[in-house]
Amino acid sequence: MQNTNIMNTEAKIAYQKNDNGYYIYDISGAGLKQNYNDYSADDHQVWQTLYEKQIKNLVNGAVTEDYLKGLELLGFDSKKIPNFDEVNELLIKASGWNIYVVLGLIPTKEFFELMKNKKFCATTWLRRKDQMDYLEEPDMFHDVFGHVPLLSNKSLCNFIQGLSNIALKYIDNQDIIDLIGRVYWFTIEFGLIKENNILKIYGAGIISSAGETDYSLNSPIPERLPYNVEKMLDSSFFKDNYQTKYFVLDSFEQLENSLPEIEERIDKIHQNMVAEV
Ligand SMILES: [Fe+2]
C-alpha cells in the first residue's frame, strides 16, 4: 500500500491485527489529512487515465443520473485529483456527509460508527501505473470516484446511516455483521437500478470497474433480481470475481424505505440464534 500522501502529525495511529491482516486507524479523533501537494505527476496521470477510461462508459447511459449530477455538483474532473477539503465543503452542503481519511481498511465497528456520523472512509493513495486493472484492496479511485458522488443523494445516505445503526446494534455478533455485509455489498457496492425502464449501475464497486460495468449490465451470465431484502440476506457474494447475482432497485427511495424490513428480519434472525443456543 502506498501511503506517502498522508499528513498525520496530529493524529495518533493505532495498529490492530486480526484474521484479515493489519488494520490501521486514527484513535485520537484529530483526523488524518490528505496531503494534496504530495501527489506526483504519475498520481495525477493515473487518476486521469482511470477517470477518462471509465467516464466514457458512464456518460453513455450506464450509470444512474444521480451519480452524474453528484459528479458535477462536486466538481470532479479528470485532470485533477479531488481535493478533499474542497469536495467536503460542497458535500456537506448537499447532504451533510463528508469524506473521512483513512490509511486503509479499518475495524468494522469504527467503519459503521463513522458512517452513523455521516463520515465516509476514503484512502488518499492511488494505484501505480502497473496496477491499473487489478488491486487487492480499494484505492482512492474506488473510494472517491466510485462512492463519493452518490453521497450527494439523500436517500442513499439515509440508507447507509440506517444500515450502520442496525450494524452497531449487533456489532459483537459476527454472524449478524456478515449478513449486514451482504446487504452493503449487494447495494452500496454492487447495486443496479432501473431508471425510466433502463438498467443502470449505482454500486461503487461497479462504477470503479470498467469491466464489471459492461458485465453487470450486458452479460447473459449473472442473475438480475428485483430488489428483495429476504433474498439478499440469503445470498453469498464474490470478492475476487464478478458477481453472479445483482439486485435491481426501482428507486433510491425504495432502498431507504427497506430499512425497517432489514431491521425486522435481522432482529428475527438474531432471536432465532439466541433461542438455538
Ligand atoms: Fe467500496
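Two strands count as paired here if DSSP finds at least two bridges between them. With that in hand, some notes on this model, which is a predicted one.

1. **The hairpin.** β7 and β8 clear that bar easily to read off: they pair in the antiparallel sense over four bridges. Across the pair, E195 stands opposite I198 in β8. The two strands make a hairpin with two residues between them. β7 covers 192-195 and β8 covers 198-201, with N196 in the loop that links them.

2. **The turn residues.** Have a look at the backbone here. N196 is not a glycine, yet its phi is positive, about 50 degrees. N197, in the loop between β7 and β8 as well, has a positive phi of about 70 degrees, and it isn't a glycine either. Buried or exposed, then, is N196? N196 counts as exposed because it has 6 C-beta neighbours inside 10 Å, and a residue is called exposed at 12 or fewer. N197 has 5 such neighbours inside 10 Å, so N197 counts as exposed too.

3. **The sheet around the hairpin.** The hairpin belongs to an open sheet of four strands, ordered β8-β7-β10-β9, with mixed pairing. Which strands stand at the edges? They are β8 and β9 (223-226); each has a single partner strand, so one side of each is left without a neighbour in the sheet. From one strand to the next, the twist averages 35 degrees. The parallel part of the mix includes β7 with β10, which are joined by two bridges. In that pair, I193 stands opposite L249 in β10.

4. **A helix over the sheet.** Helix α9 (residues 210-218) lies across β7, β8 and β10 (245-249). Relative to β8, α9 runs at about 150 degrees.

5. **α1 against α9.** Helix α9 also packs with helix α1 (residues 41-62), at an angle of about 25 degrees and with the axes 9 Å apart. Angles under 35 degrees count as roughly parallel, and α1 and α9 are therefore roughly parallel to each other. On the α1 side the contact is made by K53, Q54, N57 and A62, and on the α9 side by A210, T213 and L217.

6. **α2 and its two sides.** In helix α2 (residues 65-73), the buried residues are D66, Y67, G70 and L71. Seen down the axis of α2, they fall within an arc of 145 degrees, so they line one face of the helix. The general background is familiar: an α-helix has 3.6 residues a turn, so residues three or four places apart point the same way. E65 and E72 are exposed on the other side of α2. What do the buried residues of α2 pack against? Their partners are α8 (204-207) and α11 (252-257). After α2 comes G75, with a positive phi near 70 degrees.

7. **The nonpolar core.** The largest nonpolar core has 68 residues. Within this core, I99, F120, A122, L163 and I201 have the most contacts. Which helix gives the most to the core? That is α7 (residues 174-189), with seven residues. Taking A122 as a case, and leaving out residues up to four places away in sequence, it touches I99, V101, V102, M140, D143 and V144.

8. **Q243, a buried loop residue.** Q243 sits in the loop between α10 (229-233) and β10. Despite the loop setting, check the count: Q243 has 23 other C-beta atoms within 10 Å, so it is buried. Setting aside residues up to four places away in sequence, Q243 touches F190, P222, F237 and F238. Of these, P222 is 21 residues from Q243 in sequence and 6.8 Å from it in space, C-alpha to C-alpha.

9. **The overall tally.** For the whole protein, there are 12 helices and 10 strands. Buried residues are 38% of the 277 in the protein. Among contacts with a separation of 6 or more, 60% come from residues 24 or more positions apart.

Methods: Residues numbered from 1 in each chain as written. Predicted model: local features only at pLDDT ≥ 70, side-chain atom pairs only at ≥ 80, totals over all residues. Buried ≥ 20, exposed ≤ 12 C-beta atoms within 10 Å, placed from the backbone. Contact = placed C-beta atoms within 7 Å. Arc of directions from axis to C-beta. Axes fitted to C-alpha atoms, helices over the stretch in contact; angles between N-to-C directions. Core = buried A, V, L, I, M, F, W, Y, C linked by C-beta atoms within 7 Å. Parallel < 35°, antiparallel > 145°, perpendicular 65-115°, else oblique.
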